Amino acid sequence: MKIATFNINGINTKLPGLLEWLATEEPDVVCLQELKSTDKAFPAAVIKDAGYHALWRGQQFWNGVAILSRTEPVLVRKALPGDEADTQSRYLEAAVNGVLVACLYAPNGNPQPGPKFDYKLAWLDRLIAHAAPLVDNGVPVILAGDYNVVPTDDDIYDPKSWKKDALLQPAPRERFARLVKQGWLDALLDKRGRKAFTFWDYYRKHWERDAGLRIDHLLLNKHVAPKLVDAGVDRWVRSLDKPSDHAPAWVTLDLGKPRKRASRHRAATP
């Protein structure tokens, strides 16, 4: 079973690249972030024609998360608990073939200090609280998404260039470390090579210079971590025409049963 996470940075504008990646790499489950689409504008029909069921929670202009799956996912929750007043579309949880998959898009937090950074820390605190009982709850669980945290200085091409950015501040780094210490396996770190960057911004030729960051993570709980076979980043997607500034990160798992495949229909580019 191959499970991927991909900050698409606008699903409708990046749809051709998404469809090419789906057809080429054939992931079983995909967690998408930053849809930048309303629920109504989500391209459900095109996604279905590509062979995937979809659950999504959109938001106009910003945010938005979705879970795509070759077998129909079962919705578990559409928001991160802990703050009923939070209406931002940043969390989606579904059961897929016996695996509980959480798709998350953590706040960026810039500029810091300020209210956006405070919201980022509060959101991460809520994630930590929600994740605690999931780490050893008897079923496989994966927390996949854009965490907007660079865990260490080894996860960025040059920390000096980003020292004031919210992604590298001690407080979010401490929260990410505290989350992992609950018992989660940082799968990309476990299997990565020297450079497992997942994000290259559009400025100053960061992609061409491989000046990247690792901010997209897949955390595996105690019941699925032993089933990890491989993990990686599909860097080639970042080189497509009009790409997202992220590349898909993924894990493959040996769950002891064959991959269930829907019939493949590669969608035409809209």
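**Close-up 1. Helix α4 and the lining of the second largest cavity.** In this predicted model, α4 gives the most to the lining of the second largest cavity, supplying four residues. Both α3 (115-131) and α4 (170-180) contribute at least two residues each to this lining. The cavity itself has a volume of about 40 Å³. Look around its wall and you will meet Leu-124, Leu-127, Ile-128, Tyr-147, Val-149, Pro-172, Arg-175, Phe-176 and Leu-179. What kinds of residue make up the lining of the second largest cavity: nonpolar, polar or charged? Eight are nonpolar, none is polar and one is charged. Across the whole structure, a search finds two cavities of 30 Å³ or more.

**Close-up 2. The largest pocket and its lining.** Here we move to the largest pocket, whose volume is about 690 Å³. Its lining is made of 26 residues. Which of them lie nearest the centre of the pocket? They are Glu-34, Tyr-105, Asn-108, Gly-109 and Asn-148. The lining of this pocket is a mixture, with eight nonpolar, ten polar and eight charged residues.

**Close-up 3. The largest nonpolar core, with Leu-253 as a guide.** This core has 32 residues, and those with the most contacts inside it are Ile-3, Ile-142, Leu-220, Val-251 and Leu-253. Strand β7 (residues 99-105) gives the most to this core, with four residues. Now pick out Leu-253 and see what surrounds it. Leaving aside neighbours within four places in sequence, Leu-253 is in contact with Met-1, Ile-3, Ile-142, Leu-220, Val-224, Lys-227, Leu-228 and Val-229.

**Close-up 4. Leu-228 in strand β11.** Leu-228, one of the contacts of Leu-253, sits in strand β11 (residues 228-233). Is Leu-228 buried or exposed? Its relative accessibility is 12%, so it counts as buried. For a sense of distance, find Ala-85 as well: the two residues are 143 residues apart along the chain, and their C-alpha atoms are separated by 37 Å.

**Close-up 5. Two cysteines, Cys-31 and Cys-103, without a disulfide.** How many disulfides does a search of the whole structure find? The number is zero. The cysteine sulfur closest to that of Cys-31 belongs to Cys-103, but they do not bond because the 4.3 Å between them is too far. Cys-103 is likewise in no disulfide, and its nearest cysteine sulfur is that of Cys-31. Cys-31 counts as buried because its relative accessibility is 0%. Cys-103 also counts as buried, at 0% relative accessibility.

**Close-up 6. Helix α1 and what covers it.** In helix α1 (residues 15-25), the buried residues are Leu-15, Leu-18, Leu-19, Trp-21, Leu-22 and Ala-23. Which elements help to cover the buried residues of α1? Among them are β1 (2-7), β2 (29-33), α2 (44-49) and β4 (65-69). Follow the chain to just after α1 and you reach Glu-26, which takes a positive phi of about 50°.

**Close-up 7. Asn-9 in the loop between β1 and α1.** Asn-9 lies in the loop between these two elements. Although in a loop, Asn-9 is buried, with a relative accessible area of 9%. What does Asn-9 touch, not counting residues up to four places away in sequence? The list is Lys-14, Gln-33, Glu-34, Lys-36, Tyr-202, Ser-244 and Asp-245. You have already met Glu-34, one of the residues nearest the centre of the largest pocket.

Methods. Residues are numbered from 1 along each chain as its sequence is written. This is a predicted model: local features need pLDDT of at least 70, side-chain atom pairs count only at pLDDT 80 or more; totals for chains, interfaces and linings use all residues. Side-chain values use heavy atoms; hydrogens and water are left out. On a 1 Å grid over the protein atoms alone, a cavity is a set of points where a 1.4 Å probe fits but cannot get out, and a pocket is an open set with protein on both sides within 12 Å along at least five of seven lines; lining residues have an atom within 4 Å of a point. Grid points are joined across faces, edges and corners, and a volume is the space filled by probe spheres set on the points. Ala, Val, Leu, Ile, Met, Phe, Trp, Tyr, Cys and Pro count as nonpolar, Asp, Glu, Lys and Arg as charged, and the others, Gly among them, as polar. A nonpolar core is a set of buried Ala, Val, Leu, Ile, Met, Phe, Trp, Tyr and Cys residues joined through side-chain atoms within 4.5 Å. Buried means under 20% relative accessible area, exposed over 50%, partly exposed in between (1.4 Å probe, protein chains only). Contact means heavy atoms within 4.5 Å. A disulfide is a pair of cysteine sulfur atoms within 2.5 Å.
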